[in-house]
Amino acid sequence: MHPTSPSGVFLGLSMPANRFNGFTDLGIGIGLRVPHYDHILSKKPTVDWFEVISENYMVDAGRPLAILDQILEQYQVVQHGVSMYFGSTDPMSREHLKRLKCLVRRTNTPFLSDHLCWGSVDGTYTHDLLPMPYTFAAAKNTAERIKHVQDFCEVPVIVENVSSYAEFHISEMSEWEFLSEVAERADCGILLDVNNIYVSSMNHSFNPMDYVNGVPHERVGQIHLAGHSKYERYILDTHDHAVIDPVWKLYAHAIKKCGPTATLLEWDAKIPSFEEVHSEALKARKYLDAVRKAALGGKAIQPAAV
Ligand SMILES: [Fe+2]
């Protein structure tokens, strides 16, 4: 019998550790959220890793940092950002980057992630992850800013596709071609959010499989899963539900292409108990195991429907 990691996966076949995810083999994690602090600190559940929102901890002192330090004593933590706005054209704030780098040193995060979006104009911040025009000029600007962050913070950066509700007529390529262009130009990794791909595919009528097939798989350092809300005319990326079957199917396809990649479930609203969130994340096990067994030369096991 194979020894298993906390997420129950075979230790003999690790996640793809590449230079984009700091050569780490993370497993299955969940986002660290405030309602779960007490449970995690008192019960110390076994979790492969936590993703933390950098901006929640870029402070000098106080309860958030004290909690984070306690989490760091026991768990692998990876930083995820929501305000870098790689696609904006405003100068990047040196003060913000300094605070980010300070947190990088505190958490020892193997890599940083943030979104392929813009969100500020002339120093005014929208606090939204706005969709990009998919142009070569925008790709060049975005890649330069990603490279700057990588160089300044001295950790690899992986860039995440966002869900979107509008498109630009001036776009010169598909979203996945734009993501690929940015990643190649910046020589950075990709955080592939398969729920965001699904949401955007429904809102903009493209085949989500084309998206997954179209990105450079060797650059994917992490995958996000989440739930969303369906309305009459569009889908909203609310992160307040369990993952739906079509997104699990997309996930299965993504890890077939990319290998059994570090996986994280995001649940940000109507947050249920820690156990419920973690067990939802751990549903990824069977898909990862199917890919691993196939890679071992055995017959690929088709995961049952969730
Ligand atoms: Fe995400």
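**From one exposed histidine to the barrel**

With 8 C-beta neighbours inside 10 Å, H127 counts as exposed, since a residue is placed in that class when 12 or fewer other C-beta atoms lie within that radius. The structure is a predicted model, and within it H127 is found in strand β6, residues 124–130, where it takes a positive phi of about 60° although it is not a glycine. In the loop between β5 (118–121) and β6 lies G123, which is exposed as well, with 8 other C-beta atoms within 10 Å. G123 and K43 are separated by 80 residues in sequence and by 43 Å in space, from C-alpha to C-alpha.

Another residue with an unusual backbone is Y85, which is not a glycine and yet has a positive phi of about 50°. Its place is in the loop between β3 (77–80) and α3 (94–107), and because 24 C-beta neighbours lie inside 10 Å, Y85 counts as buried.

The chain as a whole gives these details their setting. Its secondary structure comes to 10 helices and 12 strands. The radius of gyration is 18 Å, close to the 19 Å that the globule rule gives for 306 residues, so the protein chain is as compact as a globular protein of that length. The C-alpha trace spans about 55 × 45 × 40 Å along its principal axes, and 43% of the 306 residues count as buried. Among contacts between residues at least 6 apart in sequence, 75% join residues at least 24 apart.

At the centre of this description stands a barrel, which 8 strands close in the order β1-β2-β3-β4-β7-β8-β9-β12, with parallel pairing. From one strand to the next, the twist averages 30°. Two of the pairings can be followed strand by strand. Strand β2 (residues 49–53) and β3 pair in the parallel sense over 4 bridges, and F50 stands opposite V77 in β3. Strand β4 (residues 112–115) is paired with β7, again in the parallel sense and over 4 bridges, and here H115 stands opposite E160 in β7.

In a regular strand the side chains alternate between the two faces of the sheet. Strand β3 can be read in that light: V77 and Q79 point one way from β3, V78 and H80 point the other way, and all are buried.

Further along the barrel, strand β8 contains I190, which is buried, with 28 other C-beta atoms within 10 Å. Leaving aside neighbours within four places in sequence, I190 is in contact with I158, V159, L179, A183, V215, R219, V220 and G221. For L179, which is 11 residues away from I190 along the chain, the separation of the two C-alpha atoms is 8.2 Å.

L179 leads on to helix α5, as one of the buried residues there, the others being E175, W176, F178, E181, V182, A183 and A186. Helix α5 (residues 175–186) has 12 residues and reaches 16 Å from its first C-alpha to its last, close to the 16 Å expected at 1.5 Å a residue. Its buried residues pack against α4 (136–153), β7 (157–160), β8, α6 and α7. After α5 comes D187, whose phi is positive, near 50°.

Helix α8 invites a similar reading. At 1.5 Å a residue, its 14 residues (245–258) should span 20 Å, and the end C-alpha atoms are indeed 20 Å apart, which agrees. Buried in α8 are V247, W248, L250, Y251, A254, I255 and C258. They cover an arc of only 155° around the axis, which puts them on the same side of α8. An α-helix has 3.6 residues a turn, so residues three or four places apart point the same way. The buried residues of α8 pack against β8 (189–193), α6 (194–204), α7 (208–214), β9 (220–226) and α10 (284–295). Just after α8, G259 takes a positive phi of about 95°.

One more helix brings the reader back to the barrel strands: α9 (residues 274–282) lies across β1 (28–31) and β12 (263–266), and runs at about 140° to β1.

How values were computed
Residues numbered from 1 in each chain as written. Predicted model: local features only at pLDDT ≥ 70, side-chain atom pairs only at ≥ 80, totals over all residues. Expected span 1.5 Å × (residues − 1). Buried ≥ 20, exposed ≤ 12 C-beta atoms within 10 Å, placed from the backbone. Arc of directions from axis to C-beta. Contact = placed C-beta atoms within 7 Å. Pairing = 2+ DSSP bridges. Axes fitted to C-alpha atoms, helices over the stretch in contact; angles between N-to-C directions. Rg over C-alpha atoms; globule rule 2.2 N^0.38 Å.
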